Amino acid sequence: MIHVSFVEPSLDGDPAADDARQKWWRAWRDRAKRARDKYEKSRKTTADPEFDSDVWKDLKEWLLRGPFDGKCGYCESAVTAVDFGDAEHYRPKGAVKRRDGDAWVPVVVGRRPHGGYWWLAYDWSNLFPACAKCNSAHKRENFPTAKKHVRPTARDLARWTSAALDREEEPLLLHPMREGDENDPSRHITFDIDGRAVPIDDSERAKATIETVGLNRDDGPNSLVESRRETMADQVKLCMMAFYQSDCDPAAIDAFMAELQKRKRPYVGAIAVAIERKFDMIRRQLDERRKLDERRAPR
Ligand SMILES: [Zn+2]
C-alpha cells in the first residue's frame, strides 16, 4: 500500500475556459450531489432506497486512469489487467459489520446496528478504486476504528464530513489518499524479503489494515504475497545491475527508483523497501572493503 497524491481540481473560474479535468470534476460533483439529495429524500418515503452505483463507478474509472495508475488502492495489484476493479467505499455505505470468527456481526451503536455512512456514498473523499479481493472478499462492510463509530441524527448529519469523522472515530484502516505523515502507509507498513507486509513499530493501523483487506493473502499460485515477492526480487536484480554498471554510483539507485515510479509498477512500495535493504547491505560491504584497502595500502 502506498500514499496516492490527489488534489481536488478547482471548481472556481470560468467554466468555458476550464481544462477538461476541471470540467469533468465539476460535472461529477454536481451529479454526486444530485444523487445524494435524491437518496436522502427517498429515505424518508422508502424503507430500503437504492443507490445509483453509476456515479461512483465513473469516479472509480477516472481515478484508476489517473492517480491510481490502474492499481488497487490497498494492495497495489494491477486490477485493470484482469478486471474493472471495485469502487471502494472506505466507510461502508449500507451497514457496518465486523468479523467474529467466520461470521459477520453488526457493529451496534446506541443499541441499534449501525446503518452505514450512507451520506458519504457519493463523497469523493470516501471513494477510491480497489480490487475485488481486497474489497469484496476481505473488507466487505468492515471499518475498524480506535474510538466508537459515529451514527449521527438527522439534525447533526451535516457536521459529519469524512474529516470530522476521522477526528472523532480515529480509523485504524489506512486510506491511500489521506494527507499527513501520520496517515502515510509507508510510516506504518513495511515488507519482508518474502513479500509479506509487516507492521512498523507494532503499528495498530498496520495490523488492522493488513488483517481487514488481507494484505498477506497467500492463497495458492500467483497469490498476492507470491506476486509481490517475485516482483521485488526481479526489480532488485535489475536495480543492482544498473548500480554496478554505473561503477557503484549511489545515484543509479535513485534514478532506477524514479523510473520505477514513472512506470507505475505494481508493488512499488515493497520494491522500494527491498532495494533500500539491499543497498544498505552493499554500502556496508563497500565501506568494509574501503577500510581493508586503506589498511593494506603501503605507507
Ligand atoms: Zn487489492
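In this predicted model, Lys 60 forms a salt bridge with Glu 61, and the closest N and O atoms of the two side chains are 3.8 Å apart. The two partners differ in their surroundings: Lys 60 counts as buried because its relative accessibility is 4%, whereas Glu 61, at 33% relative accessibility, counts as partly exposed. This pair is one entry in a longer list, for the structure holds 20 salt bridges, and several of them are useful guides to the way the chain is put together.

Consider next Arg 31, which forms a salt bridge with Asp 58, with 2.9 Å between the closest N and O atoms. Here the link joins distant parts of the chain, since Arg 31 belongs to helix H1 and Asp 58 to helix H2, and the two residues are 27 apart. Both ends are partly exposed, Arg 31 having a relative accessible area of 27% and Asp 58 one of 28%.

A salt bridge may also stay inside one helix, as happens with Lys 33 and Asp 37, whose closest N and O atoms are 2.8 Å apart. These two residues stand four apart in helix H1, and therefore about one helical turn separates them. Asp 37 counts as partly exposed, because its relative accessibility is 32%. Elsewhere the salt bridges join up, so to speak, into a network that links Arg 91, Asp 166, Glu 169 and Arg 178.

Helix H1, which spans residues 20-45, also contains Lys 23. With a relative accessibility of 43%, Lys 23 counts as partly exposed. Its C-alpha atom is separated by 9.0 Å from that of Pro 9, a residue 14 positions away along the chain.

From these single residues we can step back to the chain as a whole, which has nine helices and eight strands. Its C-alpha atoms fill a box of roughly 90 × 55 × 35 Å, taken along the principal axes. Of the 299 residues in the chain, 44% are buried. If one takes the contacts between residues at least 6 apart in sequence, 66% of them join residues that are at least 24 apart.

The chain is divided into two domains, domain 1 covering residues 1-217 and domain 2 covering residues 218-299. The C-alpha centres of domain 1 and domain 2 lie 33 Å apart, and where the domains meet, 20 residues of domain 1 are in contact with 17 residues of domain 2. Between them the two domains bury about 1500 Å², of which 53% is on carbon and sulfur atoms. On the side of domain 1, Glu 76, Phe 191 and Arg 217 lose the most area to domain 2, and together they account for 36% of what that side buries. The count of salt bridges between the two domains is two. Turning to another charged pair, the side chains of Asp 219 and Lys 133 meet in a salt bridge with a distance of 3.4 Å from N to O.

How is the zinc ion held, and which residues coordinate it? The SG atoms of Cys 72, Cys 75, Cys 131 and Cys 134 do so, at 2.3 to 2.4 Å. The angles among these four donor atoms run from 105 to 116°, and the site is tetrahedral. For comparison, the ideal angle at a metal with four tetrahedral donors is 109.5 degrees. Along the sequence the donor residues follow the spacing C-x2-C-x55-C-x2-C. Cys 72 lies in the loop between helix H2 (53-65) and strand E1 (86-89), while Cys 134 lies in helix H3 (residues 132-139), so this pair ties together parts that are 62 residues apart in sequence. Both Cys 72 and Cys 134 are buried.

Finally, two residues deserve a look for their backbone angles. Most residues other than glycine have a negative phi. Glu 170, however, has a positive phi of about 50° although it is not a glycine, and Asp 202 likewise has a positive phi, of about 60°, without being a glycine. Glu 170 has its place in the loop between helix H4 (162-169) and helix H5 (185-188), and at 35% relative accessibility it counts as partly exposed. Asp 202 lies in the loop between strand E8 (197-199) and helix H6 (204-213), and because its relative accessibility is 54%, Asp 202 counts as exposed.

Notes
Residues are numbered from 1 along each chain as its sequence is written. This is a predicted model: local features need pLDDT of at least 70, side-chain atom pairs count only at pLDDT 80 or more; totals for chains, interfaces and linings use all residues. Side-chain values use heavy atoms; hydrogens and water are left out. Donors are N, O and S atoms within 2.8 Å of the metal (3.2 Å for Na, K and Ca); water is not among the atoms, so sites may look incomplete. Four donors count as tetrahedral if all angles lie between 85 and 135 degrees; four count as square planar and six as octahedral if opposite donors are over 155 degrees apart and all others between 65 and 115; anything else is irregular. Buried means under 20% relative accessible area, exposed over 50%, partly exposed in between (1.4 Å probe, protein chains only). Domain bounds come from an automatic or database domain assignment. Contact means heavy atoms within 4.5 Å. Buried area is the accessible area (1.4 Å probe) that two parts lose on being put together, summed over both. A salt bridge is a side-chain nitrogen of Lys or Arg within 4 Å of a carboxyl oxygen of Asp or Glu.
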